[in-house]
There are 2 protein chains.
Amino acid sequence: MLRVATAECFTHGYVGREIHASASGYTGELGSEILGTELEGRVSVVAACFIPTISGLRELLGVDPPEPDYTTKSGAKAYSEEKDREVAKLMARAVRERTGADVGIGTTAGVGRGAICLDDGEVTVVARTDVRANLLKPDERILERQRQGIRRALRLFKAYVDGELERVVRKDWVVEAEGVTPDPP
Amino acid sequence: MLRVATAECFTHGYVGREIHASASGYTGELGSEILGTELEGRVSVVAACFIPTISGLRELLGVDPPEPDYTTKSGAKAYSEEKDREVAKLMARAVRERTGADVGIGTTAGVGRGAICLDDGEVTVVARTDVRANLLKPDERILERQRQGIRRALRLFKAYVDGELERVVRKDWVVEAEGVTPDPP
């Protein structure tokens, strides 16, 4: 059974919870048409953590993320898009290592399109959304970015489980792929 | 600013996320009439973790929970109601200490009405739902138990923030209260 753990910011823990639903044999709310109940008995969610703060990342995952460019009124961190990519990688790797899971997923989005990382120690894939939003000036795009982020994370994970990552990393929303060769067009 | 962290099982991380919504100035989905946006600027959610597995509790929180009475097909733990109360206390304390938060919330529900714990190092309150459900034989009561668990956790937390815990611990669904004296009837 494949063990997965998530450390999530802008996707609020939904990625892990949707995977847990499918793995438990029921459909979730936001990813049911992506996952269905196809993960039943094949995947175990070790933990799905929503970690909006720098101190949470430090204390719970033992990582030392860069100082945030901004902080919201509730103490949440906010990075630019470039730093989000670095931090999503830190989060995915750290939550995998810390929990002893086979694969980790990290997500974060401050100002820009955000970042989603899947990491298993050999393969590292980073994706983004198409939605430019600003955590510091929230409007309806925040929710739009979140929903697309959740769906893209689930697409990546489903492809990973099905051994089809080579096909997905060709998409224009995949911004980095190490340890996996894209299928020829 | 009050810092809170949650370690959740049957409430799937919703408790922390609803608190984060209110603290960020928008209303959540399941607790909006309990919290509104009243926590804005008063509370910071350090982390909200959905941890369905024993290994997740061990590795992420560093606790040594009792062996589960049962395990589901997706690897989730399932305790009897009495053990759920002990484990919810372990979870609340551990997530608070591990993240350096001021107050921790732990939730778990296997077979029975489940348990919700709020702990700040001096005050420990344990509550239950009214819904007897069985994680091993899921039916519509699982969702009913979850929703009530989320709402009761939010009620406890709101009372804590407002300094009104003495009033709430008189309720029949509060099963343990240390460090707080119930108001006279």
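Where in chain B is the place of His12(B)?

**Conventions.** This is a predicted model, in which local features need pLDDT of at least 70 and side-chain atom pairs count only at pLDDT 80 or more, while totals for chains, interfaces and linings use all residues. Residues are numbered from 1 along each chain as its sequence is written.

**Exercise 1. Place His12(B) and describe its backbone and burial.**

Step 1. His12(B) lies in the loop between strand S1 (2-8) and helix H1 (14-24) of chain B. Strands (E, at least two residues) and helices (H or I, at least four) are DSSP runs, numbered from the N terminus.

Step 2. Its phi is positive, about 55 degrees, although His12(B) is not a glycine. Most residues other than glycine have a negative phi.

Step 3. His12(B) has 13% relative accessibility, so it counts as buried (under 20% relative accessible area, 1.4 Å probe, protein chains only).

**Exercise 2. Describe how H1(A) packs against H5(A).**

Step 1. The axes of H1 (residues 14-24) and H5 (residues 140-161) of chain A come within 9 Å and cross at roughly 50 degrees. Axes are lines fitted to C-alpha atoms over the stretch in contact, with angles from 0 to 180 degrees between N-to-C directions.

Step 2. H1(A) is therefore oblique to H5(A) (not under 35, over 145 or 65 to 115 degrees).

Step 3. Contact (heavy atoms within 4.5 Å) involves residues including Tyr14(A) and Ile19(A) of H1(A), and Ile150(A) and Phe157(A) of H5(A).

**Exercise 3. Relate chain A to chain B.**

Step 1. A turn of 180 degrees and a shift of 0.0 Å along the axis lay chain A on chain B with an RMSD of 0.0 Å. Superposition is by least squares on C-alpha atoms of residues with pLDDT of at least 70 in both.

Step 2. The two copies are thus related as by a two-fold rotation axis.

Definitions and conventions:
Chains are lettered from A and ligands numbered from 1 in the order in which they are written. Side-chain values use heavy atoms; hydrogens and water are left out. Buried means under 20% relative accessible area, exposed over 50%, partly exposed in between (1.4 Å probe, protein chains only).
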